[in-house]
Amino acid sequence: GAALATTSMFAQAVEPEYTIGFSQIGAESEWRTANTNDVKAAAVKHNIDLKFSDAQQKQENQIKAIRTFIAQKVDLIGFVPIVATGWDNILREAKRAKIPVMIMDRDLTVSDDSLYVAKIGTDSYAEGRKAFDWIDNYVTQNNLKPRNGGDKLNIVILEGTVGASAATGRSHGFDDALNESPNKGRYNILASQTGDFTRAKGQEVMESFLKSYRDDIDILFSQNDDMALGAIQAIEAAGLKPSKDIVIVGCDAVKGMFQAMIDGKANATVECNPLQGDLFFTTAKKILKGEPVEKSVYVDEGVFDTTNAKEAFATRQY
Ligand code: AHR
């Protein structure tokens, strides 16, 4: 009797409340790994049967995964749009099947906003603005002068995945803040190219920037920390001092970048918070229970630099 009761109580406790399909874009960065781990842990905490699919950086794989989730009749579908466009058709299929869709992390552009129920993520445009504002402050406070003796500080940019909101948003935010700055005339954008949000590509593109402009580059804005960490290797290999000869600002605030700041090899990073799993499943459950939710929510994000990196490092979760 007792044994039976225990078994059925146990069975009840582990019976998942809902089945949710989730299409992640891949594992391109330290940030992405933290995001995936957080989604998986939050699914367990929320008692969700999670069908997780890794698209290996291909939109077509995400579309296939979403189509499979529809065929499996999951309760809800979540995905991170690798790029902003090209989702209308598959989202219409989900809508026809009456399966609610939620967006995580990156933004998307669809012809009809009712194709998804809710979006939670990060404000890339604000991140880009924060990156420029940090640079502008630093330059002013330190009276930074162009290394080549010219009259403008030369900035190079490592962009993220082409067409990803995390890349275009950061570019627009950075450009707008630069153009609105009273110090606008101090800066020149010397080169800007995608490094696909990866360390290897960040290193490779920085090597090519250095080949052309070794003695002209004053500032690097890297649209994620992984590319910045790759670039640091390229800068050292070129015989220059990262953070001193070239000011380095990244995005994400991952542990690797904190270590680089503590080691004196990077200057600042604009946080992009990957810990979105709890809010994602809380929102998903509300949707599935027919409760109202906000259409769009951005998570909180700070800025870290060498003045507070050491203190903050101790409590970082990713
Ligand atoms: O969409 C968020 C971005 O994607 C992060 O900045 C980057 O590291 C990740 O790959």
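**Terms and model**

I take helices (H or I, at least four residues) and strands (E, at least two) as DSSP runs, numbered from the N terminus. I worked from a predicted model, in which local features need pLDDT of at least 70, side-chain atom pairs count only at pLDDT 80 or more, and totals for chains, interfaces and linings use all residues. Residues are numbered from 1 along each chain as its sequence is written.

**Confidence**

I looked up pLDDT, the predictor's confidence in each residue on a scale from 0 to 100. The protein chain has a mean pLDDT of 95, and 96% of its residues reach 70 or more. Over residues 1-7 the pLDDT is below 50, and this stretch has 0 contacts in the model beyond near neighbours in sequence. For contacts I require that the C-beta atoms of two residues, placed from the backbone, lie within 7 Å. Where pLDDT is low, the predicted coordinates should not be read in detail. For the complex I noted an ipTM of 0.99 and a pTM of 0.94 from the predictor.

**Positive phi**

I searched for residues with unusual backbone angles. Most residues other than glycine have a negative phi. Asp 252, in strand β9, has a positive phi near 125 degrees. I also asked for its burial, where a residue is buried if 20 or more other C-beta atoms lie within 10 Å of its own, exposed if 12 or fewer, and partly exposed in between, with C-beta atoms placed from the backbone. Asp 252 counts as buried because it has 31 C-beta neighbours inside 10 Å.

Asp 105 belongs to strand β4 (residues 101-105), and its phi is also positive, near 70 degrees. With 28 C-beta neighbours inside 10 Å, Asp 105 is therefore buried. I found a positive phi of about 75 degrees at Gly 264 too, just after α9.

**Nonpolar cores**

I define a nonpolar core as a set of buried Ala, Val, Leu, Ile, Met, Phe, Trp, Tyr and Cys residues joined through C-beta atoms within 7 Å. The largest has 47 residues, of which Ala 131, Leu 220, Ala 228, Ala 231 and Met 257 touch the most other members. Helix α8 (residues 225-237) gives the most to this core, with 7 residues. Apart from it I located another core, of 36 residues, which includes Leu 76, Leu 91, Leu 108 and Phe 281.

I then listed the contacts of Ala 231, leaving out residues up to four places away in sequence: Leu 158, Gly 202, Gln 203, Met 206, Leu 220 and Ser 222.

**Helix α9**

In helix α9 (residues 255-262) I recorded Met 257, Phe 258, Ala 260 and Met 261 as the buried residues. Down the axis of α9 they fall within an arc of 160 degrees, so they line one face of the helix; the arc is that of the directions from the helix axis to the C-beta atoms. The cover over these buried residues includes α8, β9, β10 (268-271), β12 (303-305) and α11 (309-313).

**Ligand shell**

I count a residue as near a molecule if its C-beta atom, placed from the backbone, lies within 6 Å of it. Of the 13 residues around the ligand, Ser 29, Trp 31, Ala 166, Phe 197 and Asn 224 come nearest. The elements giving two or more residues to this shell are α2 (30-45) and β9 (247-252). By class I read 5 nonpolar, 2 polar and 6 charged residues, taking Ala, Val, Leu, Ile, Met, Phe, Trp, Tyr, Cys and Pro as nonpolar, Asp, Glu, Lys and Arg as charged, and the others, Gly among them, as polar.

**Single residues**

Thr 36 lies in helix α2 and is buried, with 20 other C-beta atoms within 10 Å. Beyond four places in sequence, I find Thr 36 in contact with Gln 24 and Ala 27.

Tyr 18, in strand β1 (residues 18-24), is partly exposed, with 19 other C-beta atoms within 10 Å. Outside its neighbours up to four places away, Tyr 18 touches Ile 48, Asp 75, Leu 76 and Leu 288. The C-alpha atoms of Tyr 18 and Ala 284 are 9.5 Å apart, with these positions 266 residues apart along the chain.

Lys 295 sits in the loop between α10 (277-288) and β11 (296-298). Lys 295 counts as exposed, with 10 C-beta neighbours inside 10 Å. I measure no side chain here; the C-alpha separation from Lys 119, 176 residues apart along the chain, is 6.1 Å.
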